[in-house]
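Hi,

Here is the structure I promised to pass on. Have a look at it first, and then read my notes underneath.

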Amino acid sequence: MENLISLCMIVKNEEKLISRCLESVKKLVDEIIIIDTGSIDKTKSIARQYTNHVYDYKWNDDFAAARNESLRHATGKWILILDADEYIKESEHDFEKLRQYLNSQNPNQPCCYILKILNLTGNGYDETNIIESSGARLFNNNVNIHYSQPIHEQLTVANGTIEFKNILLTLHHSGYIHEIVNQKNKSHRNMEILKTMETGNKDNPYYHFILGNEYSNSGESDLALQSYHLSYEKSSPRDTWFFHLMDRLITTELEKAKYSDAFEHIQTGKKLKPQFVDYYCFSGILLDSLGFLKAAANEFKKCIELAEEANKKNHPYWIVQPTFGNVVPLEMLGEISRKKGNISIAIMYWIKALVLQPKNFRISQTLIDHLVGTESIETTKDILNKLYPRDHAINNVLLYKMALNTADDKLVHIYKREIDNAGIKLKYEDRIQTALFLKKPIVFEECQEKVPSHIAVMAAILTGQSEWIRLASDNKETCLLLVEQIQKTFSNQTIESNVLANHEQLLSKVLFFMWKYNYREEYFLIVNEVANEKTLNMLLQLFYRSGKLEDTLDLATILLESNILDAEGHKLMAQWSIIAKDPNQANMFIMASINEPPIDYLGLITENSDDIANSKEMLELYYCVYPELLHLSF
């Protein structure tokens, strides 16, 4: 029988992922072609469990050439292209109907189907970022169809044109997870290839787009923004990459606080695609960053309304970011409600977000932090059990870890009992954190597991053993420096002046957990002898964001009385004064910091101008610091 679909792949050192990929499509394809470009792990032996067509190919920094080599071996009427870090969920498709459809199509006319690709980013466990893209991955096996360009290779046809069509087939892609990106060093490899292409592509907008992506992946956001702007200047909405470029451009502008540019591009996006949620969500994020809480909330509600209306008609509601129609606006509405002091409303929004995306551990940790501060233990348990049923062992481990972070004694013991009853052995980092929380002896073990840096520092300080720093997940030198200086303080030695400058974020987190875990003597000694003003103000924000409002107010009062409360702290006090309907107090706190204002004073002052005296004068002083925002109209 003639083969209908040939899967063609190029791989190298993919032993951790290739089985998932091949397993996911073995009922869909008739033939599997594997081109191996130099694996030194078990990739080829795993691949041979699925196919006899495994071929060695000498890598020459040219993805198109390797792809074309895979096409040369394919015998099916249609060719499916996958990478090892991609897979198809059989539960989402009817493979037999798809095969029947392809069998009915003319195999001689050059034709390619565009597949939807859902890219999982972040740490791989937290579904906070799923970015949608598309790719030409399914096409007929025609001698005229081949790949060109050494990187981000494109399908071309030797004679005539190729017809592109959409098809209901979705790929899931995990290659942008931080761990995988770091392991494969993809950015370095891709950048080297792109450099060889620079001379002939200086005026090519697509080249600048993919170059910007590589700069972004390697953390060079300034260079990424430059490349995105170069691409934008020569791109048009007709280009297939245009709206993905817009997504990356606006995202980077928001990250770099280029709010004026982001505003302009968001408005352009709204005009071009008014029926989709992407640019309304970006607008909400921009408005929230500038302190326009009411306006931001309206934009996020608009996102939810657009998505609901589109779903009723079975229409798509997003261009690139599927979570911009539900999870992101719900999370942000919760955050806005929290800033306004409406914790019960915030909790409602966070629960709705977690129903849609339960693996969003940032939201779940925020939810638990605020539940324990406002609800009874029984209500908290009921809410969490509905989101994470306790008959699943993994859920009990998850809830236990978050309870440890929240430092709620009752929750910790409830979920610890569940774990013990199930005979589950905790990871080493969780055992260390448990011992610190319960104030039990901990024994150092040399192992491959990494421990969050603040936990490693705490363990080293409280045991007097600096070897704990060897297990720190990052910034080992900073961790060791911090421990050495604090140990000097504990033994009444003088520490070096300003030695902890630029390390305040780590120290503030260590202090935060020391306070939560009730190490009061050590906490106050470090606060009084080691911590600087910046550390204490960072600690204030950690208290506030975790819902510890009494602790926040106590520390803010101390910092205010000591005349070291920073501008962010003054803004916090102004917000609380507005919530308490005390405009005189709000005026005082804003004016005390208006010469170095936080950027979100703009919305705070504008939206509350009826209650704030001298708001016009305040805005004039604000625009002296941020003149680039003067022309924006909200």
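Which residues does Leu540 touch, not counting residues up to four places away in sequence? The list is Thr552, Leu555, Ala556, Leu559, Leu565 and Gly569. Leu540 itself sits in helix 24. It counts as buried because its relative accessibility is 0%, and the cut-off for buried is under 20%. If you want a distance to go with that, the C-alpha atoms of Leu540 and Glu331 are 22 Å from each other, with their positions 209 residues apart along the chain.

Before going further, please keep in mind that this is a predicted model. Mean pLDDT for the chain is 91, and 97% of the residues reach 70 or more. The part to be careful with is helix 5 (residues 178-184), where confidence is lowest, at a mean of 59. Confidence is highest in helix 11 (residues 278-289), at 98.

Back to helix 24, which covers residues 533-545 and includes Glu533. Glu533 has a relative accessible area of 46%, so it falls in the partly exposed class, between 20% and 50%. Its C-alpha atom is separated by 49 Å from that of Ser134, and those two residues are 399 apart along the chain.

Next, a pocket you may like to look at. The second largest one has a volume of about 410 Å³. It is lined by 23 residues, and the closest to its centre are Gly373, Ser546, Gly547, Lys548 and Leu549. Four elements give two or more residues to this lining: helix 13 (327-339), helix 15 (361-374), helix 25 (549-561) and helix 26 (567-579). Helix 15 gives the most, with five residues. Sorted by class, the lining of the second largest pocket has nine charged, seven polar and seven nonpolar residues.

Then there is His93, in the loop between strand 5 (86-87) and helix 4 (95-103). Is His93 buried or exposed? It is buried, since its relative accessible area of 16% is under the 20% cut-off. Its side chain reaches the backbone nitrogen of Thr170 at 3.0 Å. Thr170 is also among the residues that His93 touches beyond four places in sequence, together with Ile88, Leu168 and Leu169.

Gln485 is another buried one, with a relative accessibility of 2%. You will find Gln485 in helix 21 (residues 476-490). Leaving aside neighbours within four places in sequence, Gln485 is in contact with Ile495, Glu496, Val499 and Leu500.

Finally, two backbone angles. Most residues other than glycine have a negative phi. Asp61 has a positive value, with phi near 60°. Asp61 lies in the loop between strand 3 (54-56) and helix 3 (63-73), and it is partly exposed, at 45% relative accessible area. Asn502 also has a positive phi, near 75°. The place of Asn502 is the loop between helix 21 and helix 22 (504-516). Why does Asn502 count as exposed? Because its relative accessibility is 68%, and exposed means over 50%.

That's everything from my side. Over to you!

Cheers

Key: Residues are numbered from 1 along each chain as its sequence is written. This is a predicted model: local features need pLDDT of at least 70, side-chain atom pairs count only at pLDDT 80 or more; totals for chains, interfaces and linings use all residues. Side-chain values use heavy atoms; hydrogens and water are left out. Buried means under 20% relative accessible area, exposed over 50%, partly exposed in between (1.4 Å probe, protein chains only). A polar contact is a pair of N or O atoms within 3.5 Å; within protein, one must be able to donate a hydrogen and the other to accept it, and residues adjacent in sequence count only if both atoms are side-chain atoms. Contact means heavy atoms within 4.5 Å. pLDDT is the predictor's confidence in each residue, from 0 to 100. On a 1 Å grid over the protein atoms alone, a cavity is a set of points where a 1.4 Å probe fits but cannot get out, and a pocket is an open set with protein on both sides within 12 Å along at least five of seven lines; lining residues have an atom within 4 Å of a point. Grid points are joined across faces, edges and corners, and a volume is the space filled by probe spheres set on the points. Ala, Val, Leu, Ile, Met, Phe, Trp, Tyr, Cys and Pro count as nonpolar, Asp, Glu, Lys and Arg as charged, and the others, Gly among them, as polar.
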